[in-house]
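Reader: Could you take me through one spot in this model, up close? I'd like to know where it sits and what surrounds it.

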Amino acid sequence: MTSAELRPRRSVLYMPGANERALEKAKGIDADALILDLEDAVSPDAKPEARDRVCAAVRSGEYGHRELAIRVNGIGTQWHDDDIAAAAAAGPDAVLVPKVNSAAEVLQLVAALEAAGAPEKTQLWAMIETPVALLHAEDICAAHERLTVIVMGTNDVVNETFGLHVPGRNPLVLTALSLSLLAARAAGKVIIDGVYNDVKNLEGFDAEARQGREMGFDGKTLIHPGQVEPANTAFAPSDDDIAHAHDMIRTFEEAQAAGQGVVTFNGRMVEELHVRDARRILAFADAIASR
């Protein structure tokens, strides 16, 4: 796994950029990453002030292990250019751009960040949340190496396809998630699942987080601090997973040393690909422990 893929992003919590109290509270929330939001969470008249507040928060250095991303307003909005310039100067871990619809837009965003003097550490994250983006997901994901993380905008997918929010997510949303996941993995990108809207329904959240993990997502975007702990649990290897990985690797290595051509573990044949997955699990567990 690359360093970008290895960094835990199990819980990626949106924080409203206009809310000073929320930004302060975020310093004590055990999320892997925070998205300091200048887009949906901020009214038009509050956007300039929120921009200043978010950039000051990034510069403060008071967020510990938490990865910090600034979500700017989208391409073509009246705030976008100023958001990009301010975010580049603040130097967060990432700049997240909503509604990225093409590879050309990725290149445009990379050029804008570089022209604004963004430090090398500042990655580009892109939201896939429209039908046109879904149909061009492979091109978007492969457009540039500075793009490292894809964030699913599932609310917008449902909205723009006239779908419904239902338990288990409807087939169209699952198709959108699968297409984006395949595109991200083909390009070696991290991909984060969309939000769960009913903040009081922890059972429903747990089910959807498990679904996202089973599909292969690296983590989930969140809209409430109460979703952080269950997301961290859902997207982390369990103690049993870690013990199983250790035992599999040991069994495989012992069999290889003994010259055995076929290796079995717990009654199942083990190949190199299974061992690679076990090593990935252990590396990710170590990355979580060392945050």
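Author: Sure, let's go with Phe217. This is a predicted model, and in it Phe217 falls in the loop that links helix H10 (202–215) to strand S8 (219–222). Despite that loop address, Phe217 is buried: its relative accessible area is 2%, and the cut-off for buried is under 20%.

So what does Phe217 touch? Setting aside neighbours within four places in sequence, the contacts are Met152, Leu177, Leu181, Arg185, Ile191, Ile192, Asp193, Gly212 and Phe235.

Some of those names lead to the strands. S6 covers residues 147–152 and S7 covers residues 190–193, and the two pair in the parallel sense over three bridges. Val151 has Ile192 in S7 as its bridge partner. Ile192 is also part of a second, separate core of 14 residues, which includes Val12, Tyr14 and Ile35 too.

Zooming out, S6, S7 and S8 belong to a barrel of eight strands, closed in the order S1-S2-S3-S4-S5-S6-S7-S8 with parallel pairing. From one strand to the next, the twist averages 25 degrees.

Then there's H9, which spans residues 171–186. H9 lies across S5 (123–128), S6 and S7, and runs at about 160 degrees to S7.

As for the largest nonpolar core, it has 63 residues, with Leu13, Met15, Leu34, Leu36, Ile70, Leu124 and Ile150 making the most contacts inside it. H9 gives the most to this core, with six residues.

For a sense of distance, try Gly76: it is 141 residues from Phe217 along the chain, and their C-alpha atoms are separated by 30 Å.

How values were computed. Residues numbered from 1 in each chain as written. Predicted model: local features only at pLDDT ≥ 70, side-chain atom pairs only at ≥ 80, totals over all residues. Heavy atoms only, no water. Core = buried A, V, L, I, M, F, W, Y, C linked by side-chain atoms within 4.5 Å. Buried < 20%, exposed > 50% of the residue type's maximum accessible area, 1.4 Å probe, protein only. Helix = DSSP H or I, 4+ residues; strand = E, 2+ residues; numbered from the N terminus. Contact = heavy atoms within 4.5 Å. Pairing = 2+ DSSP bridges. Axes fitted to C-alpha atoms, helices over the stretch in contact; angles between N-to-C directions.
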